[in-house]
Amino acid sequence: MRKIAHLSDFHFGSDEPTVTADLIRSVHAEKPDLVVLSGDFTQRARRAQFEAARDFVNALPELKLVIPGNHDMPLFNIVARLLWPFSGYNKYIEPLGVTGQSYRDEEMAVIGLNTARRFTGKNGRISEAQVERVHEFFRDLSEGVTRVLVTHHPVGQVANEVFVDLAFGSQLALPRVAHAGVQMLLSGHHHRCLSGTIEETEEKESVLIVYVGTANSTRTREGDGNTYNLIYIEGHDVEVKVMRWVPGAGFKEGRRSAYRYGDDGWQLLPTSQKQRAAE
Ligand SMILES: [Fe+2]
Ligand SMILES: [Fe+2]
């Protein structure tokens with residue numbers, strides 16, 4: 001069994017210190033095998049914000065996989081945005097993550113891609129070269145290994161749920177990453193906590209899509225509050241547990257969604273539906 005803690009959208013500069021302290025405590029208590037941090041570490045890519053983000057990342061347990069978000073590039077300093085958009089991120093955050101933004105063991109393989117771009121506004125992009133890298137990374141893995149792709153911007157739409165903007169290039173990329181064997185897509189950016197529904201590509205490959213909310217910033221979306229996800233992987237079974245911040249009580253277990261990967265792709269298990277209905 002493997003356990004991933006997926007945290008995103010910290011926006012230091014617009015962070016809530018009480019929530020940050022509770023978050024660090026909660027993640028330590030959960031003892032995850034891997035902590036995935038999917039971007040927007042800062043609000044405006046300022047040095048003091050990167051320093052606060054660095055101290056936060058350092059306070060989390062190892063191992064960590066980190067990728068940047070659109071807020072980790074300068075917005076108003078046009079020269080810096082054009083010439084060295086990720087200098088702050090590269091200096092303060094990137095060295096704290098696992099080499100190559102990728103991790104693999106005998107049960108799971110996880111790769112992170114940078115979808116933040118200087119010229120695409122806030123929505124980002126996934127490129128042909130990145131899709132190639134995904135193919136390369138997952139090639140030659142044995143059958144039982146669960147394959148996970150992490151991006152800041154979503155590259156897949158959750159079926160029958162609220163529509164969100166996807167990274168440019170997603171329409172081409174999604175079937176190709178599914179064909180590369182990716183079973184699970186983790187992303188942040190929209191500050192929505194939509195943990196797990198299924199999108200089928202034209203080739204009927206099944207991909208589980210998991211969005212996570214903002215972990216500790218004040219930029220929360222309608223009713224979602226501050227959340228992070230715990231993802232349990234055991235063979236063909238995956239459970240997504242939403243950890244939700246409750247004032248005065250810290251991060252508490254919220255919705256749980258259980259999935260099984262079979263011949264017809266991912267299936268939501270009935271126990272999850274009951275829990276969803278009960279909310
Ligand atoms: Fe964000
Ligand atoms: Fe973002």
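I take a residue as buried when its relative accessible area is under 20%. One caveat before I start: this is a predicted model.

**Iron ion, ligand 1**

I began with His 11, which comes out at a relative accessible area of 0% and is therefore buried. Its NE2 is one of the protein donors of the iron ion (ligand 1); the others are Asp 9 (OD), Asp 40 (OD) and His 191 (NE2), and the distances run from 2.0 to 2.2 Å. I looked at the angles next: they go from 88 to 176° among the 4 donor atoms, and the site is irregular. Along the sequence I read the donor spacing as D-x1-H-x28-D-x150-H. His 11 sits in the loop between strand E1 (2-7) and helix H1 (17-30), and Asp 40 in the loop between E2 and H2, so this pair ties together parts that are 29 residues apart in sequence.

**Iron ion, ligand 2**

Which residue coordinates both iron ions? I found that Asp 40 does, with the two ions 3.5 Å apart. Asp 40 has 1% relative accessibility, so I put it down as buried. For the iron ion (ligand 2), the protein donors I listed are Asp 40 (OD), Asn 70 (OD1), His 152 (NE2) and His 189 (ND1), at 2.2 to 2.3 Å. This site is irregular too, with angles of 87 to 156° among its 4 donor atoms. The donor spacing here is D-x29-N-x81-H-x36-H. Asp 40 and His 189 link distant parts of the chain: His 189 is in the loop between strand E7 (184-187) and strand E8 (195-200), 149 residues from Asp 40. Both of these residues are buried.

**Asp 105**

Away from the metals, I checked Asp 105, in the loop between strand E4 (102-104) and strand E5 (108-113). Is Asp 105 buried or exposed? Its relative accessibility is 16%, so it counts as buried. Its side chain makes a polar contact of 2.7 Å with the side chain of Arg 2. A polar atom of the Asp 105 side chain also lies 2.8 Å from the backbone nitrogen of Glu 107. Setting aside neighbours within four places in sequence, I get contacts from Asp 105 to Arg 2 and Val 145.

**Gln 130**

My last stop was Gln 130, in helix H5 (residues 128-138). With 13% relative accessibility, Gln 130 is buried. I noted a polar atom of its side chain 2.8 Å from the backbone oxygen of Asn 114. Beyond the neighbours within four places in sequence, Gln 130 touches Leu 113, Asn 114, Arg 117 and Arg 125.

Note on methods: Residues numbered from 1 in each chain as written. Chains lettered and ligands numbered in written order. Predicted model: local features only at pLDDT ≥ 70, side-chain atom pairs only at ≥ 80, totals over all residues. Heavy atoms only, no water. Helix = DSSP H or I, 4+ residues; strand = E, 2+ residues; numbered from the N terminus. Buried < 20%, exposed > 50% of the residue type's maximum accessible area, 1.4 Å probe, protein only. Polar contact = N/O pair within 3.5 Å; in protein donor to acceptor, adjacent residues only side chain to side chain. Contact = heavy atoms within 4.5 Å. Donors = N, O, S within 2.8 Å, 3.2 Å for Na, K, Ca; no water. Tetrahedral: all angles 85-135°; square planar, octahedral: opposite > 155°, others 65-115°.
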